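Visitor: Hey, can you walk me through this one?
Guide: Sure, let's look at it together.

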Amino acid sequence: MQPSSIDRDAVAGIRTERIDWRFKGLPATTFGATLGEVAERGLDLFADGFVGPLVVLDSAALEHNLATMARWCAQRGVRLAPHGKTTMAPQLFQRQLDLGAWGMTAANASQLRVYRAFGVARVLLANQLLDPAALRWLAAELDADPGFAFSSWVDSVRGVELMTEALRAAAPSRPVDVLVELGAPGGRTGARDRATAVAVAEAVAASPVLRLAGVAGYEGALAHDASTGALSTVDLYVSDLRALTLTLADSGHFDGLTEVIVTAGGSAYFDQVAAAIAGPWPESLPVVPVLRSGAYVTHDDGFYRGISPFGRGAGDAPFRPALRAWAQVTSRPQPDLALLTIGKRDASFDEGLPEPQLLRGKDGTVSPLTDCRVTALNDQHAFLALDRANAVEVGDWIGLGLSHPCTVFDKWQLLPVVDGTVVVDLVRTYF
Ligand SMILES: Cc1ncc(COP(=O)(O)O)c(C=O)c1O
């Protein structure tokens, strides 16, 4: 099965958008110019009028992560449909697809619309899609483009009934592919056991507008660290996913299919997922194993640093953190406290707080920053607790690592891509 495609002209069109005050942090001198023009100016983050706080993408780290994951998947015999919700940045989708990604994963109908606006040809929607308006739109999209390959998940007989009802009214010219989602007790969505999943598959078989195209799951909802217990929970779960696939195959649910999608895998346990779904499978079962990692693109300085398989020695060069925030010390009201011009509107705070890493002083010299930590974020402020009273001064710039990536990107419509402090590109997001 070939890698998927994207409409390169539509992605190139992003560079024709004009910059103005709508985009946080950009220099006033760029207002009126296009993204493409500004990307080529070689602007410096600190010399050319950018205003803080800023979040930037490190070009080399980004390329390293993209290439490392693509190579690893190819070597392991698994496909990659990166979860695009991490970045919602079609320019990055294009890089992922150029490096061989099989498709893109979306979380909901609005994300799917963004993908389709940029001509993404193969999409997995990692949820049950029940909204009749969304299903009407989907039916029209499938009819308009025979090259559009789509599948969503189902985890209940009621869900299958609702999809069937809405799609019957919309009457698409081809059935909509669905994957039975297996969950586990204590998890998120997904049938809680194999018998329930089989009942859902049977309901799909009886639907005139749906086609069962495989099995799906998400181990990231079941485990949250790299403890032995967490790793064995994941192993158990992915072997259940395998067992469900074989059960459904044995009872003829995949007869006639040329491809059976088996998909799981975020950025925390993809090594274990790949080991389970890459095969071997019975010769008669044409499984296409698909990972859906998303956060790997930028990795991070917190949650994923602690949990990524490559950081735990699973075979390849570790991913590198590609996101960095820069904020200024705006106040030093007491010896052990500095306040930074960055808050919840700018940085993630759901999987750890920003990590102070670099100090850029008045003269522009950058040095490692130690003996301090961010203890809280308000909407527009970070509280930096200092062990040494003279560690930072009002006006200094602080470079911060972030965790986790998904909730950083949604705060920025435009992110400079940097080589050192020089801007080499601009990435647009669509949340
Ligand atoms: C269903 C599903 N698949 C894949 C992913 C991607 O995982 P990660 O963000 O760890 O790359 C997520 C992330 O939340 C998810 O919810």
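Visitor: What classes of residue make up the shell around the ligand?
Guide: Five nonpolar, five polar and three charged residues. Here Ala, Val, Leu, Ile, Met, Phe, Trp, Tyr, Cys and Pro count as nonpolar, Asp, Glu, Lys and Arg as charged, and the others, Gly among them, as polar. Keep in mind that this is a predicted model: local features need pLDDT of at least 70, side-chain atom pairs count only at pLDDT 80 or more, and totals for chains, interfaces and linings use all residues. Residues are numbered from 1 along each chain as its sequence is written, and side-chain values use heavy atoms, with hydrogens and water left out.

Visitor: Which residues are the closest to the ligand?
Guide: Lys85, Arg188, Ser267, Gly294 and Tyr304, out of 13 that surround the ligand (a heavy atom within 4 Å counts as near).

Visitor: And where are the polar contacts?
Guide: Those are pairs of N or O atoms within 3.5 Å. A polar backbone atom of glycine 294 is 2.7 Å from an oxygen atom of the ligand. Arginine 292 has a polar side-chain atom 3.0 Å from a ligand nitrogen atom, and for tyrosine 218 a polar side-chain atom lies 3.4 Å from a ligand oxygen atom.

Visitor: How much of the ligand's accessible area does the protein cover?
Guide: 92% of the 390 Å² that the ligand has on its own, by the Shrake-Rupley method with a 1.4 Å probe.

Visitor: New topic: how many helices and strands are there?
Guide: The protein has 12 helices and 18 strands. Both are DSSP runs, helices being H or I with at least four residues and strands E with at least two, numbered from the N terminus.

Visitor: What does the C-alpha trace span?
Guide: About 70 × 50 × 35 Å along the principal axes.

Visitor: Where are the cis peptide bonds?
Guide: One joins glycine 52 and proline 53, with omega about 0°. Proline 53 sits in the loop between helix 2 (35-39) and strand 1 (54-58). Another runs from serine 403 to histidine 404, with omega near -5°. Histidine 404 is in the loop between strand 16 (397-401) and helix 12 (406-409).

Visitor: Why point those out?
Guide: Because most peptide bonds are trans.

Definitions and conventions. A polar contact is a pair of N or O atoms within 3.5 Å; within protein, one must be able to donate a hydrogen and the other to accept it, and residues adjacent in sequence count only if both atoms are side-chain atoms.
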